[in-house]
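Hi everyone, thanks for making time for this. Could you pull up the structure on your screens so we can walk through it together?

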Amino acid sequence: MRPKVSVCVTTFNHEPYIRECLDSILTPDVTFPVEIVVAEDGVTRRTRKLVRGVAARHPQVRPLFRETNLGANRNFADALLHCRGEFVAVLDGDDFWTSPHKLSRQVAFMETHPELMMSGHLHRIVTWHPDGTSAARLSPRVERRLTLKDILRGHYIGSCTMMFRREILPESMPEWFFATPSGDWCLEFLAARKGPIGFFNEIMADYRVHAGGVWRGESAENHCRWQLELLDEFRKSTPASEHAIIDAAQGDLHTELAWYYAEAGDLPKGREHLRRAVSLLPLRRRWRPAVLRTRLHLQFPAVYRGVRRALRGTGG
């Protein structure tokens, strides 16, 4: 029998977390068949041993053990293409669901709104510190449906909350899917090309931020650069009528890079990114505070330093 839902779990050296992750999938109260595809890409064998033990007790768990390390997105892409369900839910091996009703609620939401290609929900972002303490914050609320225009502006749906119709997946993933650390933004783009993305404001997952996570240690510079490259790829698959949105998004990223280099003292690089930002941003956005502040920092650094000192002196 074809499963109603495939849960795609990717894991890389997640032995402290993988059992809690899988338990959170196995405990939900559902009345439809669910398969759990676990793609283990670790360089150690401890995670694999834990996954094998769970699979021995739960036949709905389908492990994919890699003999050589594929890398995060190739492992993710291959796991997605192994999913057989009508719907695919995503969960990284170091995250977990906090509601036993997560799958049933989200499937009902998608079936009630057949026009939706994807949906997401609220989640907690929990940052773990080396001393064992943690701090949690809530993900941003989304009060409307998301379209391709929204997704071209940025990433909205947390990977641990994502569910989509399997029909959004191509027969093979485009090469640009493998060139970015953000496979979830790529999936949002693939979904939004076919229809809207829905959201409901219910907290049903925890996303962990920890020393071994994908984003930990990622510099602001690299973060902006891969987004610029990915938007270049999105442009190739997007109608010309939407290119102005990509221009503005890339203009914002060049503004961030200009500020990054200004703060680092590399004024020539900062000025080059500011020039690119101004060439891409629509006229009204060239006068936003972030752009004006960056312009002052780069073109009149002595004045900028004086203003900053004065503001610090007054507590501003």
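Let's start at L80. Skipping its neighbours within four places in sequence, L80 is in contact with C8, V88, F164, R166, L169, M173, F177 and L187. Keep in mind that this is a predicted model.

Now, where does L80 sit in the wider picture? L80 belongs to the largest nonpolar core, which has 48 residues. Along with M118, F164, F177 and L187, L80 touches the most other members of that core. Helix α6, residues 183–192, gives this core its largest share, seven residues. There's also another core lying apart from this one, made of 29 residues, and V5, F109, F200 and M204 are among them. As a bit of background, in soluble globular proteins nonpolar side chains tend to be buried together.

Okay, cysteines. How many disulfides does the count come to? Zero. Take C160: the nearest cysteine sulfur belongs to C21, and that's 10 Å away, whereas a disulfide needs the two sulfurs within 2.5 Å. C160 counts as buried, because its relative accessibility is 1%. C186 is in no disulfide either, with the nearest cysteine sulfur, from C8, 14 Å away. At 0% relative accessibility, C186 counts as buried too.

Last stop, the surface. F300, V303, V307 and L311 form a nonpolar patch there, and together they have about 350 Å² of accessible area. You'll find V303 in helix α11, residues 301–314. Is V303 buried or exposed? Partly exposed, because its relative accessible area is 46%, and the cut-off for exposed is over 50%.

That's my tour, thanks for listening!

How values were computed
Residues are numbered from 1 along each chain as its sequence is written. This is a predicted model: local features need pLDDT of at least 70, side-chain atom pairs count only at pLDDT 80 or more; totals for chains, interfaces and linings use all residues. Side-chain values use heavy atoms; hydrogens and water are left out. Buried means under 20% relative accessible area, exposed over 50%, partly exposed in between (1.4 Å probe, protein chains only). Patches are made of residues with over 30% relative accessible area and no salt bridge: like charges are joined within 9 Å, nonpolar side chains (Val, Leu, Ile, Met, Phe, Trp, Tyr) within 5 Å. Accessible areas come from the Shrake-Rupley method with a 1.4 Å probe; for residues, only the protein chains shown count as cover. A salt bridge is a side-chain nitrogen of Lys or Arg within 4 Å of a carboxyl oxygen of Asp or Glu. Helices (H or I, at least four residues) and strands (E, at least two) are DSSP runs, numbered from the N terminus. A nonpolar core is a set of buried Ala, Val, Leu, Ile, Met, Phe, Trp, Tyr and Cys residues joined through side-chain atoms within 4.5 Å. Contact means heavy atoms within 4.5 Å.
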